[in-house]
Amino acid sequence: MKVLHVVGARPNFMKIAPVMQEMMHHPTEFEQILVHTGQHYDTNMSQVFFDELELPRPDVNLEVGSGSHAVQTAQVMLRFEPVLLENRPDWVVVVGDVNSTLACTLVASKLGFKVAHVEAGLRSFDRTMPEEINRLVTDQLANLLFTPSQDGTENLLREGISADRIRFVGNVMIDTLVRLLPKAESRWPELRERFGLDRYVLVTLHRPSNVDDPSTLAEIMNGLAKISRQLQVVFPVHPRTLGRIAGLDLSLPADRLLLTEPLSYLDFLALQVHASLVVTDSGGVQEETTYLGVPCLTARPNTERPVTLTTGTNRLVATQALSAEATWALDNPLPKRPLPELWDGMTARRVVLALRSWQ
Ligand code: UD1
């Protein structure tokens, strides 16, 4: 079976790695091709993840880079089509909800290639999020849909997708976390030293809804400055956010509110494990903190990952209430809860089994 995997942006890498590694265990059955669209291209947004996740070098890099949604999506489509026609895989595997996921699914479906979507069915029901549009379209078109949680399966069924196209397999990103947690832990002493850490709040924010509007971003940064009076704050900054913060006229307590370059997978995981609290708007971080049992505040009005609220450690908060919510969370430790179903480190095995047995 010839399988062409697509990755494009940072959150894709930890999802494709376990699937590729599982297929490598069956070398006589699978021929694998890895296509990187180049949506993310900075070393610390892309290459470092290939190294740490032990991903093979991409066979093809489409080098699309940044642009408006239309430009980026169109560029991926234009450049992906000839690659697909040249390689003619039995399956195209796409993951997550980024523009590259949508673009390659559209191209493959129209040319009649089978598409498997890993991390299907998640819905925020908020169509102002670009990722929600990407999820809706990708799931309508893909032939085989792998859901990380039962809510995902229910969403797909409600949208009229037939049950025989859906497999509930669990969360593939947790496979990577489970595999690399010991390695991440070994980074901790050096990180603690480097950033001078004791008790701290870890922050990651990059959603357009939080960082594109200067007054919202200023409100968030002031909230973080307030939190930093109580506990040190570490904020590895996504390039998108960095540009926006630079444009604000704020005086921030640089010694207590530490803004760093985006961190590698292992470093960020180690910082999550040891954080007293995480503040985020990322999808993956909501899931990782749930798995790790670390309290998480998500600065969004909704989430496509409700299982992190019901079973997990996540809470949605308004940006205006960030520091009050953080104080509350730090004073009220969470009770121990069970992990979401099938977040067990064996999702990729179930994905590959399903592909092998697909008729
Ligand atoms: C993308 C995904 C988002 C995911 C995020 C994780 C979409 C619609 N969004 O958002 O779901 O959570 O990745 O990081 O696909 N930039 C760089 N270097 C890079 C990449 C980006 O400097 O390597 C800067 C550019 O200024 C670019 C901006 O970041 O314009 C945004 O990048 P883009 O790929 O458009 O979306 P993200 O915000 O990264």
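**Notebook: helices, sheet and empty space**

I began with helix α1, which lies across β1, β2 and β4 (91–95) and runs at about 160° to β1. The model I am reading is a predicted one.

I then looked up how β1 and β2 are joined. Strand β1 (residues 2–7) and strand β2 (residues 31–36) run parallel, with six bridges between them. I noted that valine 3 has glutamine 32 of β2 opposite.

Next I traced the whole sheet. I found an open sheet of seven strands, ordered β3-β2-β1-β4-β5-β6-β7, with parallel pairing. At its edges I have β3 (60–61) and β7 (166–168), each of which pairs on one side only.

I checked the β7 end for a helix. Helix α6 (residues 150–158) lies across β6 (144–147) and β7, and I noted an angle of about 165° to β7.

I went back to α1 and asked at what angle its axis crosses that of α7. The axes of α1 (residues 10–24) and α7 (residues 172–195) cross at roughly 80° and come within 7 Å. Angles of 65 to 115 degrees count as roughly perpendicular, so I entered α1 and α7 as roughly perpendicular to each other.

I listed the residues of this contact. From α1 they are Met14, Lys15, Pro18, Val19 and Gln21, and they meet Val172, Met173, Asp175, Thr176 and Arg179 in α7. By class I have five nonpolar, two polar and three charged residues in the contact of α1 with α7.

I turned to enclosed space. How many cavities of 30 Å³ or more does the structure hold? I found one. The largest cavity has about 60 Å³ of space. Its lining includes Lys15 and Val172, and I had already met both residues in the contact of α1 with α7. I also noted Phe146, Thr147, Pro148, Val169, Gly170 and Asn171 among the lining residues. The lining divides into five nonpolar, four polar and three charged residues.

Last, I looked at open space. The largest pocket contains about 1,000 Å³. It is lined by 44 residues, and the closest to its centre are Pro11, His40, Met45, His206 and His238. I asked which elements give two or more residues to this lining. They are α1, α3 (69–87), α5 (130–141), α10 (239–246), α11 (265–274) and α12 (283–292). I counted the pocket lining by class as 18 nonpolar, 17 polar and nine charged residues.

I close the entry on α1: it lies across β1, β2 and β4, meets α7 and gives residues to the lining of the largest pocket.

How values were computed: Residues numbered from 1 in each chain as written. Predicted model: local features only at pLDDT ≥ 70, side-chain atom pairs only at ≥ 80, totals over all residues. Heavy atoms only, no water. 1 Å grid on protein atoms, 1.4 Å probe; cavity = no way out; pocket = protein on both sides within 12 Å on 5 of 7 lines; lining within 4 Å. Points joined across faces, edges and corners; volume = space filled by probe spheres on them. Nonpolar A, V, L, I, M, F, W, Y, C, P; charged D, E, K, R; others polar. Axes fitted to C-alpha atoms, helices over the stretch in contact; angles between N-to-C directions. Helix = DSSP H or I, 4+ residues; strand = E, 2+ residues; numbered from the N terminus. Parallel < 35°, antiparallel > 145°, perpendicular 65-115°, else oblique. Contact = heavy atoms within 4.5 Å. Pairing = 2+ DSSP bridges.
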